[in-house]
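Let's take a quick look at a helix pair and a sheet. Have the viewer open as you read.

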Amino acid sequence: MNLKLQIGRKTPLSVWQRFLAVWRPDFLEKLENDLDENRAWGFWFLYTTIAAVLVSIVVGVVAHFAAVDFVKNIVENIPAEARGKFQDGKLSTQNISEPIVWTEKTEDFVAVVDTIGRFETTRFDEFGNMVFVSADKIIIRQRENSGFIKTEEYLWSDFDVNFAVTGAEFSAGAEKFFGKIELVIFVVGFFVIWFFLAIFRLIFAFWWSLFAWAGGAILGIRDWTFEKSFRAVQHFMLVSLSLVFLLSVLDWQFWGSTSLIFILLFGMNFLHLKKH
């Protein structure tokens with residue numbers, strides 16, 4: 001008797017087995033025999049973490065090359081013998097031609113240093129994002145998603161400091177600064193990305209669970225509950241995340257692609273449950 005029970009029992013999927021099983025049309029049948037919530041949440045936590053790491057790496061690589069270009073631009077445009085002095089709330093330069101202008105390849109961002117008033121302020125609207133440094137203040141302009149330009153202005157006189165730096169010292173300091181801050185940016189970026197990815201996907205899972213629950217009830221899936229629906233969506237989000245990312249890389253993504261993926265996943269699994 002005990003032998004028959006052991007043979008008839010289906011072994012629950014491990015966390016790692018789910019990475020392959022979730023793509024199969026009989027996944028819901030396998031999942032139905034697993035009542036351990038810890039494995040479901042462990043799977044969700046693991047693939048969310050992997051996704052956050054991959055996104056962080058991509059962002060980190062892009063930020064690294066942007067920083068390299070920025071530092072290279074500084075080194076190429078600031079002579080070693082140049083000198084900048086900040087004293088009594090005023091910034092001044094020596095041995096360098098002004099205005100100093102750095103632009104991105106997209107020309108959507110520009111940084112300008114002009115302590116002698118040669119750069120025309122009427123040109124501000126040519127750029128979406130801008131940092132303008134003059135003898136007495138710094139102006140930061142940012143284009144928001146709505147198209148509105150947000151402007152912030154800071155007076156040098158508000159900073160009670162005095163210093164002088166040469167071009168060689170500034171270039172070396174910039175390289176050292178960006179070299180140290182890259183790891184910090186990656187770590188902080190990972191936690192920020194993981195948090196927002198987790199929150200977004202939990203909200204998304206709840207929303208899709210309602211539809212899947214209703215769909216299973218309409219099709220007459222035996223013992224289909226909202227709890228099972230939510231657990232299924234937790235796992236199927238790995239497939240949607242992977243395929244949407246692939247479509248984005250191939251530039252094939254279209255409106256409603258995520259919905260179509262979920263419909264196909266639940267459709268083939270519901271069909272398998274109806275037949276078996």
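## Strand pairing

A word on terms before the sheet: two strands pair if DSSP finds at least two bridges between them. Keep in mind that this is a predicted model.

With that in hand, start with β3 and strand β4 (residues 109–113): they run antiparallel, and four bridges join them. If you want one spot to click on, take T103, whose bridge partner in β4 is V110.

## The whole sheet

Zooming out, β3 and β4 belong to an open sheet of five strands, ordered β3-β4-β5-β6-β7, and the pairing is mixed. Which strands sit at the edges? Those are β3 (100–103) and β7 (149–155), each of which pairs on one side only. As for twist, neighbouring strands of this sheet are turned against each other by 10 degrees on average, with direction ignored.

## Helices α6 and α7

Now over to the helices. The axes of α6 (residues 226–249) and α7 (residues 257–275) come within 9 Å of each other, crossing at roughly 130 degrees. Why call α6 oblique to α7? Angles from 65 to 115 degrees count as roughly perpendicular and those over 145 as roughly antiparallel, so this crossing makes α6 oblique to α7. The crossing of α6 and α7 is also right-handed.

## Who touches whom

On the α6 side, the contact uses S229, A232, V233, F236, M237, V239, S240, L243, V244 and L247; they meet S257, T258, I261, F262, L265, F266 and N269 in α7. Sorted by type, the residues of this α6–α7 contact come out as twelve nonpolar, five polar and no charged.

Methods: Residues numbered from 1 in each chain as written. Predicted model: local features only at pLDDT ≥ 70, side-chain atom pairs only at ≥ 80, totals over all residues. Heavy atoms only, no water. Axes fitted to C-alpha atoms, helices over the stretch in contact; angles between N-to-C directions. Helix = DSSP H or I, 4+ residues; strand = E, 2+ residues; numbered from the N terminus. Parallel < 35°, antiparallel > 145°, perpendicular 65-115°, else oblique. Left-handed = near helix turned anticlockwise from the far one by under 90°. Contact = heavy atoms within 4.5 Å. Nonpolar A, V, L, I, M, F, W, Y, C, P; charged D, E, K, R; others polar.
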